[in-house]
Amino acid sequence: MAEIHLNKVCKSYGDVDVLFGIDWTIFDGEFVVIVGPSGCGKSTLLRTIAGLEKITQGEISIGNRVVNDLEPAERDIAMVFQNYALYPHMSVYDNMAYGLKIRGLEKDEIERRVNHAADTLEIRDYLDRSPRQLSGGQRQRVAMGRAIVREPSVFLFDEPLSNLDAKLRVQMRLEIKNLQQRLGITSVYVTHDQVEAMTLGHRLMVLNGGYVEQLGTPIELYEKPATEFVAGFIGSPSMNLLKAKISGDGTKAEFSDHNSLYLASALPSQANRQVTIGLRPEHLMVNKTSQANMSIKVNAVEHLGADTLAHGEFEGCDEIVTLRLHGIVMINQGDILPLEIDPDKVHIFDTETGKRLE
Amino acid sequence: MAVASVETSIRTGSMTRVFLYLVLILFSLFYLLPFVVMVLNSLKPLSEITGGNMMALPEVWTVEPWISAWATAQIGIEPTGLSPYFWNSIKMVVPAVAISTMLGALNGYVLTKWRFRGDTIFFGLMLFACFIPFQIVLIPMARVLGLTGLAGSTPGLVLVHVVYGLGFTTLYFRNYYMAFPTELVRAAQIDGAGFFNIFWRILLPSSGPIIVVSVIWQFTNIWNDFLFGASFADLDSQPMTVALNNLVSSSTGVKEYNVHFAGAIIAALPTLVVYIVAGRYFVRGLMAGSVKG
């Protein structure tokens with residue numbers, strides 16, 4: 001019922017262009033995440049969907065209705081803000097009821113909806129308090145309550161968890177996910193945190209500098225990043241992106257004289273060309289059989305308990321390589337580690353355009 | 001170790017405190033002296049003042065000068081006392097303060113939350129109003145009042161003071177609202193609130209401190225204004241300050257200093273009351289605007 005269509009959406013402030021022709025269809029009931037570094041235009045894009053910013057070109061429609069010229073209130077949306085944006089002089093109840101009062105709903109209906117939302121979010125005990133008396137997590141719930149009572153056809157979230165501490169963030173993340181599943185309302189969620197994006201979204205849009213880098217499911221983005229940017233952005237610790245030269249027969253990527261790896265399929269078209277090779281830290285393995293074609297000298301080791309991170313560099317070139325080994329592995333600074341990787345898990349990007357090569 | 005040092009710090013602290021209080025009390029006595037002289041002399045018969053003893057306590061306490069100043073003293077040619085002019089001032093000050101504060105708040109709201117092309121230049125120009133001396137606008141203002149038919153009336157004075165105060169009130173509210181989270185305005189927009197609903201229900205309820213600042217500032221300035229009152233008012237709209245001048249500087253008859261003192265105190269009383277009632281918000285409001293803005 002509430003599909004969102006973005007059709008060549010452009011936005012500029014005076015001479016400064018912020019969004020360049022964004023195309024996307026968000027399906028009914030879908031939870032999508034817009035993710036990107038700060039300043040990439042993701043919040044602007046969300047605000048154009050909300051109607052808080054007018055777009056300069058293109059078309060936005062919500063539920064088959066073009067909303068370009070509609071006010072935020074007419075778009076049948078609700079939004080949750082980063083700083084909660086609770087009205088400080090109103091009680092929790094009034095915060096949630098304000099929008100309903102403006103729409104002229106009956107008092108009984110307002111009460112029913114607010115109480116229902118309060119039950120859903122377990123904030124019934126705080127209805128009489130003012131936002132000042134609530135903790136960060138409670139405020140976040142009230143902000144979501146204010147969105148729910150509107151019974152909108154679209155939820156918009158603008159980095160709602162970034163003000164919470166790490167533990168609470170994980171908890172609220174799950175709650176938002178469950179809530180969205182239960183209500184089945186189309187949701188657009190903006191974040192700069194790739195873990196949030198991967199865990200919450202059915203589909204993700206990776207935005208960079210106002211351009212869409214890639215659209216896809218979290219797994220697609222992880223397994224087949226379309227660009228070097230997405231490759232480095234998705235995944236933690238981030239993917240090793242290393243300069244290499246494709247050998248004359250196109251079968252090998254050579255980092256330096258002693259370090260190279262075989263490709264899953266030959267790339268004769270790229271022979272002798274400079275490319276960027278992407279290796280995820282968790283896909284690199286230590287190979288003790290000495291058949292490996294590459295090895296690093298370890299500079300630093302980090303023990304995380306569940307994993308061990310080792311940082312080192314190839315002999316003969318100064319590229320830093322990180323690898324992530326499962327469990328506690330005893331590695332010392334200065335060790336030489338022979339490495340190997342499943343050729344299917346090697347990502348190759350054109351160094352000039354940043355595009356994936358296959 | 002830590003405890004011991006805390007104790008010494010408290011001892012030296014209390015010593016310093018006693019000294020501080022002494023100095024402060026001395027200064028406040030010094031500043032209160034003129035007021036005390038006024039009060040004392042307003043409560044004694046004229047003969048005691050002309051007898052040459054300004055600083056002494058009254059031998060005969062009397063409120064006669066106060067009654068005279070309020071109700072019967074000769075102001076200009078009428079023996080009306082200050083009371084009609086007091087009400088003239090009230091009738092001028094209350095709407096002028098209310099209107100200039102509301103318009104200032106509205107300006108601040110638009111300049112921070114509904115930004116438009118050239119808004120900073122617009123604000124800069126409004127700030128000029130704060131630096132224009134009263135005397136410069138006298139003639140143009142007289143012309144405007146004449147053309148609008150408001151010359152010599154209380155609404156005319158209200159207009160003058162609103163126009164003159166707008167620069168200041170806009171500055172106060174603009175700085176205050178700069179620090180007001182824009183997300184709240186956005187949230188209200190999504191909740192369906194319009195321009196004025198957001199202003200009334202979201203911004204104004206959070207504007208207490210800055211409203212107090214604006215009211216005190218405007219009230220003091222408008223109440224104490226003499227030049228506009230003397231220039232643009234008729235006999236039936238003259239404010240308190242002009243009447244006080246007429247009372248004190250009349251060149252015929254005996255100078256009733258006790259009545260003059262009483263009159264001066266009456267003229268200063270409303271601003272004093274406003275300060276006492278709202279003063280503690282004054283500094284807080286000024287700080288809130290300046291620090292965050």
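**Exercise 1. A covered helix**

Which residues in α4(A) are buried? Work through the helix and its surroundings.

*Before you start.* This is a predicted model, in which local features need pLDDT of at least 70 and side-chain atom pairs count only at pLDDT 80 or more, while totals for chains, interfaces and linings use all residues. Residues are numbered from 1 along each chain as its sequence is written, and chains are lettered from A and ligands numbered from 1 in the order in which they are written.

*Step 1.* Fix the terms. A residue is buried if 20 or more other C-beta atoms lie within 10 Å of its own, exposed if 12 or fewer, and partly exposed in between, with C-beta atoms placed from the backbone. Helices (H or I, at least four residues) and strands (E, at least two) are DSSP runs, numbered from the N terminus.

*Step 2.* Read off the residues. The buried ones in α4(A) are Arg139(A), Gln140(A), Arg141(A), Val142(A), Ala143(A), Met144(A), Gly145(A), Arg146(A), Ala147(A), Ile148(A) and Val149(A). That makes 11 of 14 residues, so the helix is mostly covered.

*Step 3.* Look for the cover. It includes β6, α2, α3 (107–121), β7 and α5 (166–183) of chain A.

*Step 4.* Check the length. The expected span is 1.5 Å times one less than the number of residues. For the 14 residues of α4(A) this gives 20 Å, and the end C-alpha atoms are 20 Å apart, which agrees.

*Step 5.* See what comes next. Glu151(A) follows α4(A) and has a positive phi, near 50°.

**Exercise 2. A sheet and its edges**

Trace the strand order of the open sheet of 6 strands in chain A, then find its edges.

*Step 1.* Two strands pair if DSSP finds at least two bridges between them. The order is β6-β7-β8-β3-β9-β10 (chain A), and the pairing is mixed.

*Step 2.* The edge strands are β6 and β10 (211–216) of chain A; each has a single partner strand, so one side of each lacks a neighbour in the sheet. From one strand to the next, the twist averages 15°.

*Step 3.* Zoom in on one edge. Strand β9 (residues 203–208) of chain A runs antiparallel to β10(A), and 5 bridges join them. Asn208(A) has Tyr211(A) in β10(A) as its bridge partner. The two strands form a hairpin with 2 residues between them, and Gly209(A) in the turn has a positive phi of about 55°.

*Step 4.* Return to the helix. α4 (residues 136–149) of chain A lies across β6 and β7 (154–158) of chain A, at about 175° to β6(A). Here axes are lines fitted to C-alpha atoms, for helices over the stretch in contact, and angles run from 0 to 180 degrees between N-to-C directions.

**Exercise 3. Where the chains meet**

Work out how many residues of chain A are in contact with chain B, and what kinds they are.

*Step 1.* Contact means C-beta atoms, placed from the backbone, within 7 Å. By this rule, 17 residues of chain A are in contact with 14 residues of chain B.

*Step 2.* On the chain A side, β6 (77–80) and α2 (92–102) are the elements that give two or more residues.

*Step 3.* Sort this side by type: 13 are nonpolar, 3 polar and 1 charged. Ala, Val, Leu, Ile, Met, Phe, Trp, Tyr, Cys and Pro count as nonpolar, Asp, Glu, Lys and Arg as charged, and the others, Gly among them, as polar.

**Exercise 4. Unusual backbone**

Find a cis peptide bond and positive phi values outside glycine in chain A.

*Step 1.* Most residues other than glycine have a negative phi, and most peptide bonds are trans.

*Step 2.* The bond from Ser236(A) to Pro237(A) is cis, with omega near -5°. Pro237(A) sits in the loop between α8 (228–233) and β11 (240–246) of chain A.

*Step 3.* Lys8(A), in strand β1 (residues 4–13) of chain A, has a positive phi near 50°. With 13 other C-beta atoms within 10 Å, Lys8(A) is partly exposed.

*Step 4.* Glu159(A) has a positive phi of about 40° and lies in the loop between β7 and α5 of chain A. Glu159(A) is buried, because 20 other C-beta atoms lie within 10 Å.

Terms used: Contact = placed C-beta atoms within 7 Å.
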